[in-house]
Amino acid sequence: MNLATKSHEARPRERLATLGASLFARGLATGTSGNLSVRVSDGWLMTPTNASLGTLDPDRLSKLDENGRHVGGDRPTKESLLHLALYGQRPDAGGIVHLHSTYAAAVSCVDGLDPAECVPPLTAYFVMRIGRLPLVPYHRPGDPALATAIHDLAARHHALLLANHGPIVSGTTLESAAAAIEELEETAKLFLLLRGIPTRPLSDQETAQLSHDR
């Protein structure tokens, strides 16, 4: 990186690497699964392909310009198109987290989910941080058709569950995206623990009241 790049990207690079290490240490990402991105003034920083979130080098993060072209660092994750599809529909998004976290990925494999709301509103914080969670139909990782499917939903939803894959969440900051996806993972755990047990999700009136707090 040149000095000008270091001056305005140093902090977001460090934030992204620190968050990756935290997610990895807590078992929310394993191996080289999952990817992160953060918006900068002239494009995006993303995790490289085949990189472990636990050992990210801030200086080797992938840099994409405002048109999504790779202009610096290691080659970006093959799921960069998913990030760009979300950013394209959500101009307020400052960061995106995509994980293959165990419980959310498990829910994404459950048959018969409601594609418009695949996890019910079990808790207030799920509603406030996620809202409705739609299910994106299965496409193989890296398939451009998956980015198209995300693009079609992203204007209405900042959090999506990819079928047989895992969650992707945008936030106004990278940290808020991480907080939301962690809430999603915990609610997915509750959803699986409660299967077969009579459960009372929050009512439409209760969720509407909470929606004002997002």
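How many disulfides does the count come to? Zero. That is one of the things worth knowing before you start turning this predicted model around on the screen. Here are my notes, point by point.

1. **The cysteines.** Let's take the disulfide count apart. A disulfide needs two cysteine sulfur atoms within 2.5 Å. The sulfur of Cys109 has its closest cysteine sulfur in Cys118, and because that one is 12 Å away, it is too far for a bond. Look at it from the other end and you get the matching story: Cys118 is in no disulfide, with the sulfur of Cys109 as its nearest, 12 Å off. As for their surroundings, Cys109 is partly exposed, at a relative accessible area of 48%. Cys118, on the other hand, counts as buried, with 3% relative accessibility.

2. **The overall build.** Step back and look at the whole chain. You should be able to pick out seven helices and eight strands. The radius of gyration is 17 Å, close to the 17 Å that the globule rule gives for 214 residues, so the chain is as compact as a globular protein of that length. If you draw a box around the C-alpha atoms along the principal axes, it comes to roughly 60 × 35 × 30 Å.

3. **Inside and outside.** Of the 214 residues, 49% count as buried. The protein chain exposes about 10100 Å², and carbon and sulfur atoms supply 52% of that area. Contacts across the sequence are worth a mention too: take those between residues at least 6 apart, and 64% of them join residues at least 24 apart.

4. **The aromatic pair.** How many aromatic pairs does a search of the whole structure find? It finds one. The partners are Trp44 and Tyr87, with ring centres 5.4 Å apart and planes at 35 degrees, so the pair is tilted. Trp44 sits in strand 2 (residues 43–46) and Tyr87 in helix 2 (residues 80–89), so the pair ties together parts that are 43 residues apart in sequence. Both Trp44 and Tyr87 are buried.

5. **Lys63.** This lysine deserves a click. Is Lys63 buried or exposed? Lys63 is buried, with a relative accessible area of 9%. You will find Lys63 in strand 3 (residues 62–65). Its side chain makes a polar contact of 3.2 Å with the side chain of Asp42. Leaving out residues up to four places away in sequence, Lys63 touches a list of others that includes Glu9, Arg13, Asp42, Arg69 and His70. Trp44, from the aromatic pair in point 4, is also among the residues that Lys63 touches.

6. **The loop between strand 2 and strand 3.** Two residues here caught my eye, beginning with Asn50, which lies in this loop. Asn50 has a positive phi of about 60 degrees although it is not a glycine. At 61% relative accessibility, Asn50 counts as exposed. Asp57 is found in the loop between strand 2 and strand 3 as well, and is partly exposed, with a relative accessible area of 35%. A polar atom of the Asp57 side chain lies 3.0 Å from the backbone nitrogen of Asp59. To get a feel for distances across the model, go from Asp57 to Val110: their C-alpha atoms are separated by 36 Å, with the two positions 53 residues apart along the chain.

7. **Asn164.** Here is another asparagine to look at. Asn164 has a positive phi of about 55 degrees, although it is not a glycine. Where does Asn164 lie? Look in the loop between strand 7 (159–162) and strand 8 (166–171). Asn164 is partly exposed, with a relative accessible area of 47%.

8. **Thr207.** One more stop, further along the chain. Thr207 is found in helix 7 (residues 204–211) and is buried, with a relative accessible area of 16%. A polar atom of the Thr207 side chain lies 2.9 Å from the backbone oxygen of Asp204. Not counting residues up to four places away in sequence, Thr207 touches Pro121, Val127 and Leu202.

Terms used:
Residues numbered from 1 in each chain as written. Predicted model: local features only at pLDDT ≥ 70, side-chain atom pairs only at ≥ 80, totals over all residues. Heavy atoms only, no water. Buried < 20%, exposed > 50% of the residue type's maximum accessible area, 1.4 Å probe, protein only. Phe/Tyr/Trp six-rings, centres within 6.5 Å; stacked < 30°, edge-to-face > 60°. Helix = DSSP H or I, 4+ residues; strand = E, 2+ residues; numbered from the N terminus. Rg over C-alpha atoms; globule rule 2.2 N^0.38 Å. Contact = heavy atoms within 4.5 Å. Areas by Shrake-Rupley, 256 points an atom, 1.4 Å probe, with all protein chains shown as cover. Polar contact = N/O pair within 3.5 Å; in protein donor to acceptor, adjacent residues only side chain to side chain.
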